[in-house]
Each structure stands twice: as C-alpha cells, then as structure tokens.
Amino acid sequence: MKNLVPKVCALAICLSMLLPASQGEAQQPKLDIKALAGFSLNIYDTLGDPPTNEKFAGWLGGFGARISKRKAFVEALFTFNRFISNSIILNSFQLPISLGYIPFKIAEFGVYLYGGYVNHFNVALKRGKERVRIKYSDFVVYQALVRFGVSFDLYMFNFDFNYSIGLNDALKTPYRTRYQLLQFTVAYVF
C-alpha cells in the first residue's frame with residue numbers, strides 16, 4: 001500500500017502530460033476601446049430614367065468599444081464622415097451597432113466576422129463655397145443601413161473592411177435612390 005500512492009501519483013502526472021491543454025477561457029467579457037481612421041467610397045445609384053451612378057470618395061474618424069466573450073462580440077462605434085465629389089462636400093456621422101463571431105483568435109492575431117445596423121445622419125452640405133442645410137438639399141437627413149464586414153486584429157492594431165447598403169432612399173427624389181458604402185479603417189485598440 002505504501003508503494004501504491006507514489007505509483008498512482010506518477011501515473012497521474014504522466015497521463016496529464018498526454019492530455020490536450022485546457023480550452024477554458026476567462027469568464028469575464030473582454031473590453032477593447034478603439035480609436036479609428038479610414039477611407040470610404042460612397043455610391044448613389046438612382047433608378048430613375050435614365051439611371052445614374054454617382055461616387056463620393058471620403059475619409060472618416062471615430063472611436064468605439066468592442067466587448068467579446070468566447071466566440072461572440074458586440075461593437076458600438078461613433079464615426080464622423082466627410083464625402084467629397086466634384087464641388088460637393090457632405091458631412092455626416094454614423095452610429096453602427098454590430099454583432100459578430102470570432103472564428104480565430106490568439107494573443108497576436110484575431111479574425112472578426114460581423115453584421116449590424118448603422119444609423120447614418122447627414123448633417124452638413126457644401127456646394128462650391130455655399131453652405132446648404134440638409135433639409136433644403138436633395139439628401140435625406142437620416143438613413144438606415146445594414147452592414148457586413150470582416151476585421152483583423154494584429155497586436156494592438158485593427159484593420160476593418162465593411163460594406164453597407166441603404167434600407168431607405170438616400171435622396172428626396174421621386175425615383176428610388178440606392179446608397180452603398182465601402183469602408184476601410186485602421187484602429188488602435190486600447
């Protein structure tokens with residue numbers, strides 16, 4: 001009996017070395033704060049007669065938070081956007097809320113797939129040197145967008161690619177105007 005206890009302990013230690021590492025994670029959600037900047041391409045497709053397609057290049061900046069637990073996350077951002085096309089400058093801000101899945105994550109690298117809802121507010125318009133209030137322009141003040149994207153964490157940086165499409169008309173015109181938005185952002189994650 002005296003020799004049995006050390007033998008059982010030695011056997012348990014040997015077996016524990018053969019077992020895979022624990023896949024357990026912390027029970028507390030992880031909070032990441034992001035400061036971001038990037039570029040965008042806005043596309044207005046009018047389905048009138050004749051159909052037209054107008055593109056606005058732009059830039060954006062903002063901040064937000066991402067909360068993740070295991071393989072799921074939720075993210076809320078605030079971004080200021082400026083779009084420029086010929087002599088038109090359009091300022092807006094967005095409040096996107098996204099839910100997503102984390103298919104792969106290690107300490108140095110992570111992949112995030114997401115979809116969500118974007119509240120898009122047009123706030124200022126400039127045509128040439130003339131400032132025009134949004135309510136007196138062809139642009140609507142509020143747009144509802146749906147967004148799909150993928151982002152990558154590389155150490156403390158986040159690279160994000162997303163596509164948004166409008167759920168309502170983008171312009172106050174008698175014909176349908178579809179709004180599409182492509183964005184690329186780089187964020188510093190705190």
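**Entry 1: pairing strands**

I start with a term: two strands pair if DSSP finds at least two bridges between them. I also note that this is a predicted model.

I began with S8 and looked for its partners. Strand S7, residues 142–154, pairs with S8 in the antiparallel sense, and I found 10 bridges there. One of the bridge pairs is Phe148 with Tyr163, the latter in S8. S7 and S8 make a hairpin, with two residues between the strands. In that turn sits Tyr155, whose phi is positive, about 55 degrees.

Next I looked for a partner beyond S7. S8 is also joined to strand S9, residues 177–189, by nine bridges, and these two strands run antiparallel. Which residue of S9 is the bridge partner of Ile165? I clicked through and found Gln180. Further along, Phe159 stands opposite Val186 of S9.

S9 has another neighbour to write down. Strand S1, residues 30–46, pairs with S9 over 13 bridges, again in the antiparallel sense. There Phe39 stands opposite Phe184 of S9.

**Entry 2: the two faces of S8**

Which side chains of S8 point to the buried face? On that face I listed Asn158, Asp160, Asn162, Ser164 and Gly166, which are buried. Phe157, Phe159, Phe161, Tyr163 and Ile165 point to the other face and are not buried. So S8, residues 157–166, alternates along its length. This fits a general rule worth keeping: in a regular strand the side chains alternate between the two faces of the sheet.

Two names came back from my first entry. Tyr163, the partner of Phe148, is on the face that is not buried. Ile165, the partner of Gln180, points to that face too.

**Entry 3: an enclosed space**

Then I went looking for empty space. Rolling a probe the size of a water molecule over the atoms shows where such space is left.

How many cavities of 30 Å³ or more does the whole structure have? The search gives one. The volume of the largest cavity is about 120 Å³. Its lining has 16 residues, and the closest to the centre are Leu77, Arg147, Asp160, Asn162 and Gln183. I recognised Asp160 and Asn162 from the buried face of S8.

Which elements give two or more residues to this lining? They are S1, strand S3 (72–85), strand S4 (88–105), S8 and S9. Sorted by class, the lining has five nonpolar, seven polar and four charged residues.

**Entry 4: salt bridges**

Side chains of opposite charge can pair when their charged atoms come close. A search of the whole structure turned up six salt bridges, and I followed three of them.

The first on my list is Asp32 with Arg66, whose closest N and O atoms are 3.0 Å apart. Asp32 is in strand S1 and Arg66 in strand S2 (residues 52–69), so this pair links distant parts of the chain, 34 residues apart. Both Asp32 and Arg66 are buried. They also belong to a network of salt bridges, together with Lys30 and Asp153.

Next came Glu75 with Lys34, at 2.7 Å between the closest N and O atoms. Glu75 is in strand S3 and Lys34 in strand S1, 41 residues apart along the chain. Both of these residues are buried.

The last is Arg178 with Asp45, at 3.1 Å between the closest N and O atoms. This pair links strand S9, which holds Arg178, to strand S1, which holds Asp45, with their positions 133 residues apart. Are Arg178 and Asp45 buried or partly exposed? Arg178 has a relative accessible area of 31%, so it counts as partly exposed. Asp45 has 7%, which is under the 20% cut-off, so Asp45 is buried.

**Entry 5: an open pocket**

My last stop was the second largest pocket, with about 210 Å³ of space. Its lining includes Tyr44 and Thr46, Thr52, Glu54 and Phe56, as well as Arg127 and Asp138. Leu171, Thr173 and Tyr175 are also among the lining residues.

Two elements, S1 and S2, give two or more residues here. Which element gives the most? I noted S2, with three residues. By class, I wrote down six nonpolar, three polar and three charged residues for this lining.

Notes
Residues numbered from 1 in each chain as written. Predicted model: local features only at pLDDT ≥ 70, side-chain atom pairs only at ≥ 80, totals over all residues. Heavy atoms only, no water. Buried < 20%, exposed > 50% of the residue type's maximum accessible area, 1.4 Å probe, protein only. Helix = DSSP H or I, 4+ residues; strand = E, 2+ residues; numbered from the N terminus. 1 Å grid on protein atoms, 1.4 Å probe; cavity = no way out; pocket = protein on both sides within 12 Å on 5 of 7 lines; lining within 4 Å. Points joined across faces, edges and corners; volume = space filled by probe spheres on them. Nonpolar A, V, L, I, M, F, W, Y, C, P; charged D, E, K, R; others polar. Salt bridge = Lys/Arg side-chain N within 4 Å of Asp/Glu carboxyl O.
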